[in-house]
Amino acid sequence: MAHRDHLLNGRRLATAANPLLTFFGDSGNETYRISSLGFLHYAFVTVGTPPLEYLVALDTGSDLFWLPCDCTSCVRSLNTTSGKALKLNIYSPSTSTSGAPVPCNSTICVQPQRGCSVRLNACAYQEVYLSSNTSSTGILVDDVLHLGTDTDPQDPVDAPITLGCGIIQTGDFVTGAAINGLFGLGMDSVSVPSILASKGVTANSFSMCFSRDGLGRIQFGDKGSPDQQVTPFNLRQLHPTYNVSVTQIAVGKNVTDIEFSALFDTGTSFAYLNDPAYSVIVQGFDSQIIEPHYVHPRGIIFDYCYSLNATQTSYSIPRLNLTMKGGSYYYVVAPTIVIPREGGFAYCLAIVKSEDINIIGQNFMTGYRLVFDREEMVLGWKESNCYDSIPSNTVPVNKGNSTESPPPSIFDPEATSGNRTSIPVSPPPPPQLFRPFPGSGAARSSSMTSGLVAVVLAVFFHHFIILSP
């Protein structure tokens with residue numbers, strides 16, 4: 001009864017004041033780009049009673065929030081840069097006093113990817129993702145997600161949610177990404193933003209920020225600012241997604257009128273574009289680059305790479321701008337990635353040719369605070385370093401005199417038609433060749449440090465992830 005009173009008090013607080021909410025705990029609203037885990041953004045979330053903490057990937061391309069649960073083959077630790085292992089909790093509804101399996105006669109169970117597990121007497125699910133042979137299978141559970149106001153100190157707000165108890169994971173969820181859970185942020189009614197809005201806990205909107213140094217932010221109930229740029233979502237009646245339309249591409253002085261749609265998906269590491277959009281960008285980019293072409297001896301996922309000489313500390317690239325439906329401009333801050341090569345470095349245009357859908361991946365979101373407004377049905381964006389004018393109950397990452405490796409691409413735009421990009425001290429190895437559809441292979445190494453300040457970005461990575469179902 002005491003727990004229920006706390007939960008309801010939290011809901012009254014959120015409804016009355018309509019504050020911005022985020023995850024409760026030391027890390028607060030911070031998210032972390034971790035190269036060793038698919039180069040996606042992760043956050044620490046707490047679930048259940050007593051509360052346990054999980055490191056989950058944040059995915060706007062899928063809906064269900066699931067955690068590894070009652071499983072024998074789940075990953076239970078992650079190596080840190082100090083050599084110590086970070087323990088990864090495994091969820092179990094039987095050990096959470098606030099958790100209970102969703103019964104088979106629940107309305108949420110009447111969906112194509114749902115069924116009844118007679119053995120477990122619960123509503124079963126299976127989610128299959130674009131990455132090759134990647135899936136999560138288990139049962140649905142009702143429990144409590146521990147949120148807090150985005151203030152210092154936080155006021156706790158416990159939100160009742162439905163999540164997946166992931167008994168069996170395959171593919172990248174075992175070896176490459178989201179090994180401790182996936183936080184679906186899509187438009188379906190089962191996603192956490194949808195649940196929070198339906199219960200009156202927050203406005204039906206949320207924001208994510210992606211800084212150039214790998215830190216990010218997430219805020220539930222955030223509808224952005226009056227000066228942000230916006231474009232409408234292209235809504236499909238059966239399964240709406242964060243899909244938008246591009247009407248023009250400008251690569252430096254080369255401007256092309258072209259219309260195509262693309263999904264803004266934080267669960268995909270890089271941009272995936274099919275023709276003609278892919279050719280317009282890569283050919284326009286290639287025609288304006290002065291460095292010689294570079295071909296990796298083992299083959300990588302990027303088609304256009306360029307060698308840097310031994311004395312180069314930066315390189316210039318043309319500006320890449322997308323004009324969105326409605327006329328707003330979306331300037332791509334970080335379209336390239338630096339990779340090591342024998343005897344030096346190279347850089348690549350970080351766009352993968354797709355044979356299927358167009359995806360705006362995380363690298364195209366760098367440098368922006370993005371608002372997924374599901375009330376107005378628009379995507380909003382504004383340039384941000386994710387430090388200024390954003391409330392946080394945590395200490396900012398020390399960006400000066402750091403001994404840790406910087407992220408793969410540090411980009412400093414200039415107020416000119418061209419841009420100069422600095423070369424990081426220790427860029428990661430290049431992503432190995434794989435076929436994007438079906439999806440990626442697995443990232444191999446695991447290197448991460450958690451705490452109040454930051455999760456340190458791992459240096460080594462191999463493949464990249466597409467998590468959209």
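In the predicted model, contacts between residues far apart along the sequence predominate among those counted: of the contacts in the protein chain with a separation of 6 or more, 70% are accounted for by residues 24 or more positions apart. Buried residues make up 59% of the 469 residues in this chain, and the accessible surface comes to about 18300 Å², with 53% of that area belonging to carbon and sulfur atoms. The secondary structure of the chain consists of 4 helices and 31 strands.

Three of these strands form an open sheet, in which the order is S20-S25-S24 and the pairing is antiparallel. Strand S20, which covers residues 305–308, and strand S24, which covers residues 336–341, stand at the edges of the sheet, and because each has a single partner strand, one side of each is left without a neighbour in the sheet. On average, and with direction ignored, neighbouring strands of this sheet are turned by 30° against each other. In general, the strands of a sheet pair through backbone hydrogen bonds, in either a parallel or an antiparallel manner.

Within this sheet, S24 pairs with strand S25, formed by residues 344–349, in the antiparallel sense over 6 bridges, and Val-338 is placed opposite Tyr-347 of S25. A helix also packs on the sheet, namely H4, which spans residues 277–286 and touches S20, S24 and S25. The direction of helix H4 makes about 140° with that of S25.

Definitions and conventions: Residues are numbered from 1 along each chain as its sequence is written. This is a predicted model: local features need pLDDT of at least 70, side-chain atom pairs count only at pLDDT 80 or more; totals for chains, interfaces and linings use all residues. Side-chain values use heavy atoms; hydrogens and water are left out. Two strands pair if DSSP finds at least two bridges between them. Helices (H or I, at least four residues) and strands (E, at least two) are DSSP runs, numbered from the N terminus. Axes are lines fitted to C-alpha atoms, for helices over the stretch in contact, and angles run from 0 to 180 degrees between N-to-C directions. Contact means heavy atoms within 4.5 Å. Buried means under 20% relative accessible area, exposed over 50%, partly exposed in between (1.4 Å probe, protein chains only). Accessible areas come from the Shrake-Rupley method with a 1.4 Å probe; for residues, only the protein chains shown count as cover.
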